[in-house]
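Please open the model in your viewer and keep the sequence panel visible beside it. At each stop, make the selection suggested and look at it before reading on.

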Amino acid sequence: NRDGIAIRSSSFQILTNGSLYANATHSNDAGEYQCIVSETNSTQKSRKATLKFAYLLKSFARSPETKTVNVSSTVSFYCLNSGSLPLAVIAWLRNSIPLSSPTIITSPINSDQTTSTLQIANVTKDDEGAYACSSTNPLT
């Protein structure tokens, strides 16, 4: 059953080994699934399994803002992905080229959003450029 209701859908088949096979799933199929076997005097229930669908929202709740800073200072840019399952991987770019050397702090803030901070210490003229963040989901 799904969410406590017996499954009656052409999208699902119960295989001879007892497995549940989904041949065409949709987002409304997400939920908790459980196998229930009933006999005359007893009922056995399996552990519940949760079906979730991977997604990545392409928008950002917060994007880097233009900043002007003094040489030798520290600057931080912030980025917040609007939502992803599993959590998005955020990368930083300068002038459309991926960055790897500055300090990048990425952390989940809830079950589907990731925030990332790009921090550049001891800024030099060479750090000047257009900074952006991008997000990817390893499953989509």
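The tour below goes from the whole chain to a sheet, then to charged pairs and single residues.

**Before you start**

This is a predicted model, in which local features need pLDDT of at least 70 and side-chain atom pairs count only at pLDDT 80 or more, while totals for chains, interfaces and linings use all residues. Residues are numbered from 1 along each chain as its sequence is written, and side-chain values use heavy atoms, with hydrogens and water left out.

**Stop 1: the whole chain**

Select the whole protein chain and show it as a cartoon; it has zero helices and 15 strands, where helices (H or I, at least four residues) and strands (E, at least two) are DSSP runs numbered from the N terminus. Turn the view and you will find that the C-alpha trace spans about 80 × 25 × 25 Å along its principal axes. The radius of gyration of the protein chain is 23 Å, whereas a compact globule of 140 residues would have one near 14 Å; the radius is taken over C-alpha atoms, and the globule rule is 2.2 Å times the number of residues to the power 0.38.

Now switch to a surface view, in which the protein chain exposes about 9,700 Å², with carbon and sulfur atoms supplying 50% of it; such areas come from the Shrake-Rupley method with a 1.4 Å probe, and for residues only the protein chains shown count as cover. Of the 140 residues, 24% are buried, where buried means under 20% relative accessible area, exposed means over 50%, and partly exposed lies in between (1.4 Å probe, protein chains only).

**Stop 2: a sheet of three strands**

Select residues 89–94, which form strand 11, together with 97–98 (strand 12) and 131–136 (strand 15). They make an open sheet in the order 12-11-15, with antiparallel pairing. Strands 12 and 15 stand at the edges with a single partner strand each, so one side of each is left without a neighbour in the sheet.

How many bridges join strand 11 to strand 12? These two pair in the antiparallel sense over two bridges, and two strands count as paired if DSSP finds at least two bridges between them. One residue pair to pick out here is arginine 94 and its bridge partner in strand 12, isoleucine 97. Strand 11 and strand 15 also pair in the antiparallel sense, over six bridges, and tryptophan 92 has cysteine 133 in strand 15 as its bridge partner.

Next, show the side chains of strand 15. In a regular strand the side chains alternate between the two faces of the sheet. Here Tyr131, Cys133 and Ser135 point to one face and are buried, while Ala132, Ser134 and Thr136 point to the other and are not buried.

**Stop 3: salt bridges**

A search of the whole structure finds four salt bridges, each being a side-chain nitrogen of Lys or Arg within 4 Å of a carboxyl oxygen of Asp or Glu.

Select aspartate 29 and arginine 2, whose side chains meet in a salt bridge at 3.6 Å, N to O. This pair links distant parts of the chain, 27 residues apart, with aspartate 29 in the loop between strand 2 and strand 3 and arginine 2 in the segment before strand 1. Is aspartate 29 buried or exposed? Aspartate 29 is buried at 8% relative accessible area, while arginine 2 is partly exposed at 26%.

Move on to lysine 48 and glutamate 32, which form a salt bridge at 3.7 Å, N to O. Lysine 48 lies in the loop between strand 5 and strand 6 and glutamate 32 in strand 3, so the pair ties together parts that are 16 residues apart in sequence.

Then select lysine 125 and glutamate 128, where the closest N and O atoms of the salt bridge are 3.4 Å apart. Salt bridges that share partners also join Arg2, Asp3 and Asp29 into one network.

**Stop 4: glutamine 113**

Finish at glutamine 113, in the loop between strand 13 and strand 14, which counts as buried at 16% relative accessibility. Not counting residues up to four places away in sequence, glutamine 113 touches several residues, including Ala61, Leu80 and Pro108, where contact means heavy atoms within 4.5 Å.
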